[in-house]
Amino acid sequence: MADIPTIDEAAKRVWQIGMGPFLLMNVTGIPIAYHSAGTLGEKFGSFYRPAHKLKEEFESKQQWNLEGAVDELRIEAVQNRLLGVVFLVVGQLVDEGVGRIEDIDLGAKVGLRWSLGPFELMNKIGIEKSLNLVKIISQKYGLKIPRILEEQRQKKSPWQFKRVELSIKDAIATITINRPEALNALNEEVVRQLAETFTQAEQDKNVQAIVLTGKGKAFVAGADIGFFVKNIENKSIDKIVEFTKAGQELLLRIDQSPKLVIAVIDGLALGGGAELALAADVRLMTERGAIGFPETGIGIYPGLAGTQRLPRLIGAALAKYLIFTGDIINAQQAQAIGLAEYVPAGEVSEKIRLKVQGLRFQPGADQFQAGKVKGEKTSLMPAYEKIKNLFENNNNISDWLSGQAMETTDPSLARISKKVLSKAPQSLKLANQLIDEGLKTTLEAGIELELAHLPEIFSTRDAYEGLTSILQRRKPVFEGR
């Protein structure tokens with residue numbers, strides 16, 4: 001059908017990966033590929049058995065010859081063949097109960113480093129065309145078309161992925177954001193599913209507390225940067241405002257819920273993720289937890305009420321410190337400033353149980369509301385007292401906003417000053433304004449202020465520069481415009 005260079009190139013393009021299957025076999029070892037295929041063939045039939053060519057290469061004890069020109073005329077046919085095989089196999093996996101569509105896509109993206117999982121690719125290509133590719137493979141090898149693929153074609157709709165999961169046990173509802181390949185970043189679909197799932201948990205009369213958590217290495221590592229960049233380029237900032245408004249409304253519902261809401265930060269909580277955690281009544285952070293507000297370093301400001309809830313929890317000075325510097329702090333540091341409660345990972349379940357148990361014995365008509373704690377004041381460590389004093393000084397703030405470094409002989413304060421001056425000037429000015437003005441009004445009014453300035457900040461050159469720098473993995477250069 002095609003030679004080795006063409007097949008490798010076709011695979012690289014269709015999966016958007018850096019290594020084709022023949023090069024991969026050379027790197028990992030042809031014997032591994034041969035014996036793996038042999039085992040699969042014994043268990044699942046001739047479709048999986050080693051190709052004759054693979055058997056010959058294994059017996060020759062040589063590596064594949066990757067030399068040669070790519071035949072562009074054969075690329076599409078090879079890609080269709082690869083897609084047909086993969087779509088058939090993943091359909092079989094779901095039919096047999098090996099995994100859900102979300103599990104399979106996650107395995108492909110995390111384990112194989114594909115840019116899209118196979119079910120996401122079916123959505124991109126179209127269900128009808130995808131099924132036709134599967135039919136060609138099924139006819140060639142005498143295999144049944146997976147039932148789930150036929151059912152999806154009859155629905156005439158794309159695959160719907162469950163990004164937010166709900167489990168309820170012992171009066172505790174656990175909501176898990178399940179997008180670990182993207183560090184659980186918030187996008188329109190995640191926010192929508194999170195809102196639906198939270199409503200379901202909140203309306204369950206048997207649920208006394210709702211736990212928010214994330215699967216993998218992150219709680220939530222911010223919002224989907226690509227979404228922002230795409231809409232700036234398309235001059236559709238109104239869509240960014242609409243997305244942010246939906247997120248703000250959800251977080252306000254979480255904030256005002258009559259049920260105890262606990263955020264378990266067992267990984268990164270950055271940007272929108274940190275703001276989600278702020279809306280909870282209790283924040284439990286493990287030794288793997290980290291929280292930060294990096295927005296001013298990418299040309300924007302915290303837009304999910306971060307400029308409003310954070311100062312109400314820890315005071316304006318420390319809120320400005322975290323937002324102006326973008327410093328990411330660990331659980332012990334968060335506890336030191338009254339932002340979260342440090343709990344070793346192995347003790348989280350017991351801590352949650354005790355929090356809920358405490359609710360049951362509170363007097364009053366609203367037993368759930370009685371135990372809610374929005375933030376506990378704590379005596380500051382000397383280091384944070386010094387930082388607080390630094391950001392309480394309006395002269396320092398004025399210097400930074402005008403682009404001037406503060407005069408100090410203290411190396412730690414000089415480092416903080418330098419860090420602040422590296423951020424986007426417009427972001428700092430608006431964040432400072434929102435914090436100051438927000439504290440003079442209600443939380444709801446402060447959130448409206450935050451939303452009102454979004455078109456302004458996302459229209460700046462610095463916002464586009466900062467956001468694209470993340471995608472391009474480079475340091476941004478801000479102009480103050």
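**Sheets, helix α12, ring pairs and cavities**

User: What makes the strands β4, β6, β8 and β9 one sheet?

Analyst: In this predicted model, the order β4-β6-β8-β9 makes up an open sheet of 4 strands with mixed pairing. Helices (H or I, at least four residues) and strands (E, at least two) are DSSP runs, numbered from the N terminus. Two strands pair if DSSP finds at least two bridges between them. β4 and β6 (residues 268–270) have 3 bridges in the parallel sense, so they satisfy that rule. Within this pairing, alanine 221 is opposite leucine 270 in β6.

User: Why are β4 and β9 described as standing at the edges?

Analyst: β4 (218–221) and β9 (329–330) each have a single partner strand, so one side of each has no neighbour in the sheet.

User: What conventions underlie these statements?

Analyst: Residues are numbered from 1 along each chain as its sequence is written, and side-chain values use heavy atoms, with hydrogens and water left out. Because the model is predicted, local features need pLDDT of at least 70 and side-chain atom pairs count only at pLDDT 80 or more, while totals for chains, interfaces and linings use all residues.

User: How do you know that β1 and β2 are paired, and in which sense do they run?

Analyst: Strands β1 (residues 164–169) and β2 (residues 172–177) run antiparallel and are joined by 6 bridges. They form a hairpin with 2 residues between them, and aspartate 170 in the turn has a positive phi of about 50°. Isoleucine 168 faces alanine 173 in β2. Both strands belong to an open sheet of 6 strands, in the order β1-β2-β3-β5-β7-β10, with mixed pairing. β1 and β10 (341–342) are its edges, because each has a single partner strand. Elsewhere in that sheet, β3 (residues 209–214) and β5 (residues 260–265) run parallel, joined by 4 bridges.

User: How do you know that the length of helix α12 agrees with its number of residues?

Analyst: The expected span is 1.5 Å times one less than the number of residues. For the 20 residues of α12 (residues 237–256) this gives 28 Å, and the end C-alpha atoms are 28 Å apart, so the two agree.

User: Why is the pair of phenylalanine 22 and tryptophan 64 called an aromatic pair, and of which kind?

Analyst: Rings of Phe, Tyr and Trp (its six-membered ring) pair if their centres lie within 6.5 Å; planes under 30 degrees apart count as stacked, over 60 as edge-to-face and the rest as tilted. Here the centres are 4.9 Å apart and the planes form 85°, and the pair is therefore edge-to-face. This pair is one of 14 in the whole structure. Phenylalanine 22 lies in α2 (residues 21–28) and tryptophan 64 in the loop between α4 (52–60) and α5 (72–95), so the pair ties together parts 42 residues apart in sequence. Both residues are buried, a term for under 20% relative accessible area, with exposed over 50% and partly exposed in between (1.4 Å probe, protein chains only).

User: What makes lysine 140 a charge over a ring?

Analyst: NZ of Lys or CZ of Arg must be within 6 Å of the ring centre and within 35 degrees of the ring normal. The charged end of lysine 140 sits over the ring of tyrosine 141, 5.7 Å from its centre. Ring pairs also link Tyr141 with Phe44, Phe47 and Tyr48 in a cluster.
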